[in-house]
Amino acid sequence: MPFDQAIEQLRDRLAQIADTVPGMRQICVNFSPDTDALNWLASQRCWPQFYWQSRCGEQSVAACGAVERYYSMAQATRRLGQLPSGWRLFGANSIDGDSYLFLPVLLWQQDSDGQRLILNLISDISVQQEAKRLLRWLDELRPMEPAAQLPHYQRAHHAPDKDGWLQQVNQALKAITGGELDKVVLARVTDFSLSGPLSPAALLAASQRINPRCYHFMLATEPQQALVGSSPERLYARRGREMDTEALAGTADLDQPGLLDDAKNQWENSLVVADIHQRLTDIVDEMAVMPVELVPLRHLQHLRRRISARLLQADDAQCVARLQPTAAVGGLPRAAALDFIHQHEPFARGWYSGSVGYLSQDESEFNVVLRCAQTGGEQIRLYAGAGIVSGSDPELEWQEVERKAATLGTLLTAENQG
């Protein structure tokens, strides 16, 4: 069934609802993949909008409109307990613990079972009355428009600039030498002024094409404001009580040999593994750490250790609270590293180094918000960071954040202009 026919079938099924009592309904229609989900989402004029693709590429979702919104993981998980099994909430959690999660009105879901449209309906008064309102909502959906072209950047400004960065790293190394910190992850923003308005969906589509083995995500809470990114790092995935997380820390150029044997990067990765073990030890009854492996990306390679655990309780709010921010994006000890970041970084991180994904009663998955940007009209802010440990070279760490920022930045520079 083509996409347009699937929308019409949703309409037909809504029109048949006659219940005048409160209640919940979920209408699901299968259809054939004849339309691009991300481009369709970009054509709509209703918010919030959300797009998420798993790292392996086997699962993707596009959602728009909100039946309900939640501003903490605790609020979202409590609400999930009142919803039918299988319903999903989507959104993001900031590094400081704020959340923006929502139950979408319309969800486009693709996985191993195919593609389907899901419409969610909740009414405290009359299911039939809400069905009529949703029929009017569907009437406002727009046909898919041609994909937008990416603008190019005209001016760029780093914060901190290179001199400020080198000074900041040296301050961190002094704190590490003095025993105040074992590790701290410092970040940099790059603010671009663009030649024209930027479509967040077009930026993400371009990133999907050139950044393999990444989660790809977009959260637009209102017009002209969106979080976009392509991140290699999982925060955690849960199936029932079984949870998978990872330590992704230790970085080198893609063509640089010897990362597996590099003492500084191995030490950095081992710190993250030890921290995850400590954070989870009292909420799991089993835990296993896999051998270190290389993760090759477009410009960089990372060290990764996969970690599996069996939770005592399937509690997503607890999982996020324990794991976020990871030592791979914050540092160690956690409180001291975050204090250092708040004192020295000349910007607020917002969603950067938080998490984005979905949760449900049966399963959940969130990735770490890395290699990302905050977009707004003709402005875009890119985020990138580097882990500082004993032995870090400030100049090499600057080069690392340059390469990480290139995940999205090159799409607005020479490669895009060519």
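The exercises below concern pockets and salt bridges in a predicted model.

**Exercise 1. The largest pocket**

Find the volume of the largest pocket, the residues nearest its centre, and the elements and domains that line it.

Solution.
1. The volume of the largest pocket is about 870 Å³.
2. Its lining consists of 45 residues, and those nearest the centre are Ala42, Ser199, Pro200, Ala201 and Ala202.
3. At least two lining residues come from each of α2 (37-42), β2 (49-53), β5 (99-111), α6 (200-210), β9 (215-222) and β10 (225-231).
4. Helix α6 gives the largest share, eight residues.
5. Sorted by residue type, the lining has 24 nonpolar, 16 polar and five charged residues.
6. Domain 1 (3-140) and domain 2 (153-412) each contribute at least three residues to this lining.

**Exercise 2. The second largest pocket**

Describe the second largest pocket in the same order: volume, central residues, elements, residue types.

Solution.
1. The second largest pocket holds about 280 Å³ of space.
2. Of its 18 lining residues, Thr251, Ala252, Gln256, Asn265 and Leu396 lie nearest the centre.
3. Two or more lining residues are supplied by each of β12 (242-253), α7 (263-280) and α10 (394-409).
4. Helix α10 provides the largest share, with five residues.
5. The lining divides into four nonpolar, seven polar and seven charged residues.

**Exercise 3. A salt bridge between β11 and β18**

Which elements hold Arg239 and Glu363, and how many residues apart are they?

Solution.
1. The side chains of Arg239 and Glu363 form a salt bridge, with an N to O distance of 3.6 Å. This falls within the 4 Å cut-off for a salt bridge.
2. Arg239 belongs to strand β11 (residues 234-239) and Glu363 to strand β18 (residues 363-368); the pair links distant parts of the chain, 124 residues apart.
3. Arg239 has 37% relative accessibility and therefore counts as partly exposed. Glu363, at 22%, also counts as partly exposed.
4. Arg239 and Glu363 belong to a salt-bridge network that also includes Arg88, Arg234 and Glu365.

**Exercise 4. A salt bridge between β12 and β15**

State the N to O distance for Glu242 and Arg310, then place the pair in the chain.

Solution.
1. Glu242 and Arg310 meet through their side chains in a salt bridge at 2.3 Å, N to O.
2. Glu242 is in strand β12 and Arg310 in strand β15 (residues 300-311), so the salt bridge ties together parts 68 residues apart in sequence.
3. Glu242 is partly exposed, with 37% relative accessibility. Arg310 is partly exposed as well, at 27%.

**Exercise 5. A salt bridge inside α10**

Are Glu400 and Lys404 buried or exposed? Give also their separation in helix α10.

Solution.
1. The Glu400 and Lys404 side chains meet in a salt bridge, 2.6 Å from N to O.
2. Glu400 and Lys404 are about one helical turn apart because four residues separate them in helix α10.
3. The cut-off for buried is under 20% relative accessible area. Glu400, at 8% relative accessibility, is therefore buried. Lys404 is buried too, with a relative accessible area of 8%.

**Exercise 6. The total**

How many salt bridges does the model contain?

Solution.
1. The rule requires a side-chain nitrogen of Lys or Arg within 4 Å of a carboxyl oxygen of Asp or Glu.
2. Under this rule the count is 29 salt bridges. Those between Arg239 and Glu363, Glu242 and Arg310, and Glu400 and Lys404 are among them.

Conventions. Residues numbered from 1 in each chain as written. Predicted model: local features only at pLDDT ≥ 70, side-chain atom pairs only at ≥ 80, totals over all residues. Heavy atoms only, no water. 1 Å grid on protein atoms, 1.4 Å probe; cavity = no way out; pocket = protein on both sides within 12 Å on 5 of 7 lines; lining within 4 Å. Points joined across faces, edges and corners; volume = space filled by probe spheres on them. Nonpolar A, V, L, I, M, F, W, Y, C, P; charged D, E, K, R; others polar. Domains from an automatic or database assignment. Buried < 20%, exposed > 50% of the residue type's maximum accessible area, 1.4 Å probe, protein only.
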